[in-house]
Amino acid sequence: MKKDVSAQMLGEKIAETIRQKIIVGELAPGARLSETALSEQLDISRNTLREVFRMLTQEGLLRYEPNRGVYVAVPDMAAILDIYRIRRLIECDALTHAYPLHPAVAKMAAAVEEAREYRKLSNWRNVGTANMKFHTAIVELADSERLTRLYRNISAELRLVFGHLNDPEILYAPYIEKNAHILALLIDDQNEKAAHTMMEYLELSERTVLAAWSRHQQSS
């Protein structure tokens with residue numbers, strides 16, 4: 001029994017490691033994953049890695065192609081629409097019921113400053129990572145482990161969408177100061193306005209992503 005629990009914990013730990021690699025942009029959408037290379041890099045057996053692959057395939061982050069191997073998933077339009085629908089439900093509600101002294105507010109502020117610093121360097125991948133941190137912190141305002149876990153998976157899928165479109169400046173640059181504005185509203189105890197602004201923000205982001213996705217489909 002102990003061995004089974006230990007193997008499950010290891011599998012979950014490795015799955016989270018791969019999710020984080022997706023979230024920070026280390027694993028690109030469509031990339032083939034080598035069992036040999038990953039098992040050596042992560043210092044785990046190939047059987048454990050295969051179980052992790054099955055777990056992440058069920059989550060929609062990986063896809064298995066018979067006789068070809070395992071690949072990082074490429075989200076389609078239906079996935080994009082669903083991701084944004086879930087984001088609106090979670091993030092806007094979290095802002096509505098948050099309080100300005102919540103510890104996650106400091107994380108939001110740190111993420112805004114981090115994005116500004118990377119903008120100076122035109123490091124758009126890291127701007128994107130900082131943006132993910134900002135939105136994850138918003139979800140943490142809800143004090144729900146289940147929502148945080150759900151959003152972690154959504155963040156990974158969202159990063160795959162952005163990585164597939166390969167237009168990071170357009171996708172990230174306009175939202176750095178929008179994040180700062182939402183943070184300022186929250187600190188000023190204007191929760192309803194912060195939530196309404198986030199709703200408009202996510203609708204704009206969704207339209208931008210869908211337009212970029214359509215351009216990408218036409219050119220491919």
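**A small sheet and an aromatic pair**

Biologist: Let's start in the sheet of this predicted model. Which residue in β3 is the bridge partner of R63?

Modeller: Happy to start there! R63 lies in β2, which spans 62-65, and four bridges join β2 to β3 in an antiparallel run. The β3 residue that bridges to R63 is Y71.

Biologist: And what is the bridge partner of R32 in β3?

Modeller: R32 belongs to β1 (32-33), and two bridges join β1 to β3, residues 69-72. One of them pairs L33 with V70. For R32, the partner is Y71.

Biologist: Nice. In what order do the three strands lie in the open sheet?

Modeller: β3 has bridges to β1 and also to β2. β1 and β2 each have a single partner strand, so they stand at the edges, with one side of each left without a neighbour in the sheet. The pairing is antiparallel, and the order is β1-β3-β2.

Biologist: Which residue in the turn between β2 and β3 has a positive phi?

Modeller: β2 and β3 form a hairpin, with three residues between them. In that turn, a positive phi of about 65° belongs to N67.

Biologist: Now the rings: how many aromatic pairs does the whole structure hold, and is the pair of F162 and Y172 stacked or edge-to-face?

Modeller: A search of the whole structure finds two aromatic pairs. F162 and Y172 sit 5.2 Å apart, centre to centre, with 85° between their planes. Planes over 60 degrees apart count as edge-to-face, so this pair is edge-to-face.

Biologist: Is F162 buried or exposed?

Modeller: F162 is in helix α7 (residues 145-165), and its ring partner Y172 is in helix α8 (residues 168-172). Y172 has a relative accessible area of 5% and is buried. With a relative accessible area of 6%, F162 is buried.

How values were computed
Residues are numbered from 1 along each chain as its sequence is written. This is a predicted model: local features need pLDDT of at least 70, side-chain atom pairs count only at pLDDT 80 or more; totals for chains, interfaces and linings use all residues. Side-chain values use heavy atoms; hydrogens and water are left out. Rings of Phe, Tyr and Trp (its six-membered ring) pair if their centres lie within 6.5 Å; planes under 30 degrees apart count as stacked, over 60 as edge-to-face and the rest as tilted. Buried means under 20% relative accessible area, exposed over 50%, partly exposed in between (1.4 Å probe, protein chains only). Two strands pair if DSSP finds at least two bridges between them.
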